[in-house]
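Visitor: I would like a close look at a single part of this model, namely its second largest pocket. Which residues line the second largest pocket, and how does that part sit within the chain as a whole?

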Amino acid sequence: MNSPFAGRLHGEDRVGGRAGARAARMRRGMFLLPSLFTAGSIGAGYFAITQTIDSVNVAGGGAQHLDWAAIAICLAIPFDALDGRIARMTNTTSEFGKELDSLADAITFGVAPCLLAFVWGFHSLPEAMNPDLRRAILQIGSFVCFLYLLCGVSRLARFNISHDPQPRNPGRLDRKYFVGMPIPAAAGMVASTVHFCYGFPIPYWWLAVLWIGLVGLLGFLMVSTWRFWSGKEINFGRRQPFQLLAVLAIVVFVLIRFSSGALFFVALVYMFSGIWARAAYSWSRRRRQMPRDEAETRTAPAFTAEYAQQGNASSGVSAAEQEYARMHREPQMSDAGVGESGEDLRQDSRSDGY
């Protein structure tokens, strides 16, 4: 047993054991990587909340603080988009990470934009306007902001318990869609609007009314079952993603160089893309059903109405049935060579509601 071969094998086992322990430590460390991105999202949301609170104590509305709050929310969106992708790419998904991500979304994309929407859109309305109108806008605005928050957390809860949800207006089979507007996109719409105005609060009551409509619409879209583009078909795991890197570099440059207009435009297009997809689906479905409805109106009910108008109220329905059966029996006999009885046809017509 003290042969040199046995010692060599024992040494290789020790080396393999140390390598395995090192790999296990690296494996445990990889679980921390997506959580760091989630922590960054929480930090951005906390910064946005503090900046919004600071703006209340500044004379003139604190436009600079509100603008920083909006920028922080926009910066949190990439963190939220990357933590899940990194977890899947490194095979480090876990229930802890899933719950942490949902709680981070509730803070950063629920509480922070809700508070920002209220302070920017309603709290800073001028004191010189009609006091009753100002009070009414403040009350309705605060309630709509609460609805936004409620719809956001409800969507997060629905997302956590749903397994492969499908939208009511299905799209292409080779793509995956969000069911309802994602809460980061809704928060991005609020933040990009504030940033588009450089944080200067709404000065007119009619703009505040429009703001109420937009915040309420975002809340509805989050709890809707309409499809929204998810972007999950984009593959970041390719070995040579040269084209993808070039496109990402251009997009990042445009978003940073023209941040106020570009972010607002992207958020607006994404919001209306879901609305347009739902409207187009309803329109196409109505067109597909139209020929069938027209055919139904020209068959049995049409004959019934025609014979009922001839004044033979007692035998009008049976005459219509006989005429309808006669017209449909003749082609079947000519095609198949075997006819159906009038009783069978009468039963068929009654089963269709005739």
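Guide: In this predicted model, the lining of the second largest pocket is made up of W120, M189, T193, C197, P201, I202, P203, L207, L210, W211, L214 and F264. Two elements, helix 6 and helix 7, each give two or more residues to that lining, and helix 7 contributes the most, with four. The space enclosed in the second largest pocket amounts to about 190 Å³. Sorted by class, the residues around the second largest pocket comprise 11 that are nonpolar and one that is polar, while none is charged. Threonine falls in the polar class under the grouping used here, so T193, which belongs to the lining, is the polar member.

The loop that joins these two helices deserves attention as well. Y198 lies in this loop, between helix 6 (183-196) and helix 7 (205-223), and its phi is near 55°, a positive value in a residue that is not glycine. As a rule, most residues other than glycine have a negative phi. Y198 has a relative accessibility of 49%, and because exposed requires over 50%, Y198 is counted as partly exposed.

A second residue with a positive phi can be set beside Y198. N91, again not a glycine, has a phi of about 55°, and it is found in the loop between helix 3 (63-89) and helix 4 (95-123). The relative accessibility of N91 is 54%, so this residue counts as exposed, the cut-off being over 50%.

As for the setting of the pocket and the two loops, the protein chain contains 12 helices and two strands, and their order along the sequence is α-α-α-α-α-β-α-α-β-α-α-α-α-α. Of the 354 residues in the protein chain, 34% are buried. When contacts between residues at least 6 apart in sequence are considered, 80% of them join residues that are at least 24 apart. The protein chain has an accessible surface of about 21,800 Å², and carbon and sulfur atoms account for 64% of that surface.

Technical notes. Residues numbered from 1 in each chain as written. Predicted model: local features only at pLDDT ≥ 70, side-chain atom pairs only at ≥ 80, totals over all residues. Heavy atoms only, no water. Buried < 20%, exposed > 50% of the residue type's maximum accessible area, 1.4 Å probe, protein only. Contact = heavy atoms within 4.5 Å. Areas by Shrake-Rupley, 256 points an atom, 1.4 Å probe, with all protein chains shown as cover. 1 Å grid on protein atoms, 1.4 Å probe; cavity = no way out; pocket = protein on both sides within 12 Å on 5 of 7 lines; lining within 4 Å. Points joined across faces, edges and corners; volume = space filled by probe spheres on them.
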